[in-house]
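Let's take a walk through this structure, from what sits on the surface to what is packed away inside. Have the model open as you read.

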Amino acid sequence: MKGKAIIFMAILTGVLSSIILYEAYFVYDALGELGLLGIFFSALLSNLTVVGRDMFVPLFLPLTTLFHPLLLGVAAGWGGAVGLITTYYWGRGIAEAVKKEDDSDPVSDWIRRHGLKAIFLVAATPLPDTPIVLLAGSSRLPLMRLLVVEGVGKTVWYTFCALLG
């Protein structure tokens, strides 16, 4: 039952953040006027949605002429990393829902050994990070480690994107 509640809350968070991001970006254009803080919140909200990861890019690209690429990368990267909490808890909820008596799982063992390297590789490239973050959540990889590695990886990726402008 606890696993189903976690999955429900993760889905609800994704839906609500999609609605908020749509309203703030397309209806009121509020996030674009906030500069770096708007980039942080739009990256956070778009990563909370799980499926609309790069919905904030139309806001991000025009600011490349106004801000240093590293500042844009940091704002977007850490906003995106914090937004991945939803996906992480989806993975935890799925693991709780399908919990087995036997706790030895080769995928979980692999994630514990190589997960942080794989997460960084996926975060620092345009590859989708949803599957690896789901696995990290289901394997109960520590959330703070995941956030730090995702934040650094996404900062690298978005800084590179801002340099290309």
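A quick definition to start: a patch here is built from residues with over 30% relative accessible area and no salt bridge, and nonpolar side chains are joined into one when they lie within 5 Å. Keep in mind that you're looking at a predicted model.

With that in hand, find Phe8, which sits in helix H1, residues 2–27. Phe8 counts as exposed because its relative accessibility is 52%, and exposed means over 50%. Phe8 also has company: together with Met9, Ile11, Leu12, Val15, Leu16 and Ile19, it makes a nonpolar surface patch of about 630 Å².

In soluble globular proteins, nonpolar side chains tend to be buried together. So where do we find buried ones here? The largest nonpolar core has 14 residues, and Ile119, Ile132, Val133 and Leu146 have the most contacts inside it. At least two residues of this core come from each of helix H6 (106–123), helix H7 (130–138) and helix H8 (143–164). There's also a second, separate core of 11 residues, with Phe56, Leu72, Tyr158 and Ala162 among them.

Zoom in on Ile119 next. Setting aside neighbours within four places in sequence, Ile119 touches Ile132, Ala136, Leu141, Leu146, Val149 and Glu150.

One last stop: Ser46, in helix H2 (residues 36–48). Is Ser46 buried or exposed? Its relative accessibility is 0%, so Ser46 counts as buried. A polar atom of the Ser46 side chain lies 3.2 Å from the backbone oxygen of Ala43.

Key: Residues are numbered from 1 along each chain as its sequence is written. This is a predicted model: local features need pLDDT of at least 70, side-chain atom pairs count only at pLDDT 80 or more; totals for chains, interfaces and linings use all residues. Side-chain values use heavy atoms; hydrogens and water are left out. A nonpolar core is a set of buried Ala, Val, Leu, Ile, Met, Phe, Trp, Tyr and Cys residues joined through side-chain atoms within 4.5 Å. Buried means under 20% relative accessible area, exposed over 50%, partly exposed in between (1.4 Å probe, protein chains only). Helices (H or I, at least four residues) and strands (E, at least two) are DSSP runs, numbered from the N terminus. Contact means heavy atoms within 4.5 Å. Patches are made of residues with over 30% relative accessible area and no salt bridge: like charges are joined within 9 Å, nonpolar side chains (Val, Leu, Ile, Met, Phe, Trp, Tyr) within 5 Å. Accessible areas come from the Shrake-Rupley method with a 1.4 Å probe; for residues, only the protein chains shown count as cover. A salt bridge is a side-chain nitrogen of Lys or Arg within 4 Å of a carboxyl oxygen of Asp or Glu. A polar contact is a pair of N or O atoms within 3.5 Å; within protein, one must be able to donate a hydrogen and the other to accept it, and residues adjacent in sequence count only if both atoms are side-chain atoms.
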